[in-house]
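Q: Please take a close look at the second largest pocket: which residue classes make up its lining, and which elements supply it?

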Amino acid sequence: MTRKLRSKGQRARHWFSLLRVIHIYSSMALLALLLFFSLTGLTLNHPEWSGKQTSQSKHLVLPEELSKRLEQDFTANLGLLQSFVETATNLSQPRAMDVDAEAQIVGFDFPLPAGFVYVEVDVAQRLVLMESGAGGLIALLNDLHKGRHTGEVWKWLIDVVAVATLLFAVSGLLIMLQNAKYRVRGFSWSLAGLLSPVLLYLAFVPAS
């Protein structure tokens, strides 16, 4: 019986030791990102801090050789036109490409965090109109928080942060089980933290 109790006690110490390691290292890895998402959570709640979006436009000339190829076979050479536009803008994979084959006008839409780039190509006139808009730093940080137009890698980062935050929170809650002195008080605070947003939602958030 004593051996069994010792064995259970050793296993419990092992698991609590592992939980402490998870808790400590997840907090270290998350420090900068938790600060970032906490700060941008505040700025998202105050959109008036973002300021106004600025815009600008410029004109380019479509290369003569590309223009001739498009005049010979407009549809077959749209890929070359897209490559030219992507090189000129230093962007890739437009969200949309609006093609007017009869007028030989093509539009490329590139959404960006806190901004956009729109390119319209008039093949007949060999004119390339590039319009861009950009918000301020706060608008950029807000879009990074939301993962808006940030690409797949940044979305993966948000997923990793979410999972690591769950590990941090759950491991901290389980570690508290080891401390009998503060267990009741800790769970009381945890329960209060869980119920307070639910009560605030039910009491103050408009609903249909």
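A: By class, the lining of the second largest pocket has 4 nonpolar, 5 polar and 3 charged residues, where Ala, Val, Leu, Ile, Met, Phe, Trp, Tyr, Cys and Pro count as nonpolar, Asp, Glu, Lys and Arg as charged, and the others, Gly among them, as polar. The model is predicted, with local features needing pLDDT of at least 70 and side-chain atom pairs counting only at pLDDT 80 or more, while totals for chains, interfaces and linings use all residues. Residues are numbered from 1 along each chain as its sequence is written, and side-chain values use heavy atoms, with hydrogens and water left out.

A pocket here is an open set of points on a 1 Å grid over the protein atoms alone, where a 1.4 Å probe fits and protein lies on both sides within 12 Å along at least five of seven lines; its lining residues have an atom within 4 Å of a point. The second largest pocket holds about 150 Å³ of space, the volume being that filled by probe spheres set on the points, which are joined across faces, edges and corners.

Its lining consists of T43, L44, P47, S50, Q53, A114, G135, A139, N142, D143, K146 and R148. Helix 4 (137-146) and helix 1 (2-44) each supply at least two of these residues, helices being DSSP runs of H or I with at least four residues, and strands runs of E with at least two, numbered from the N terminus. Helix 4 makes the largest contribution to this lining, with 4 residues.
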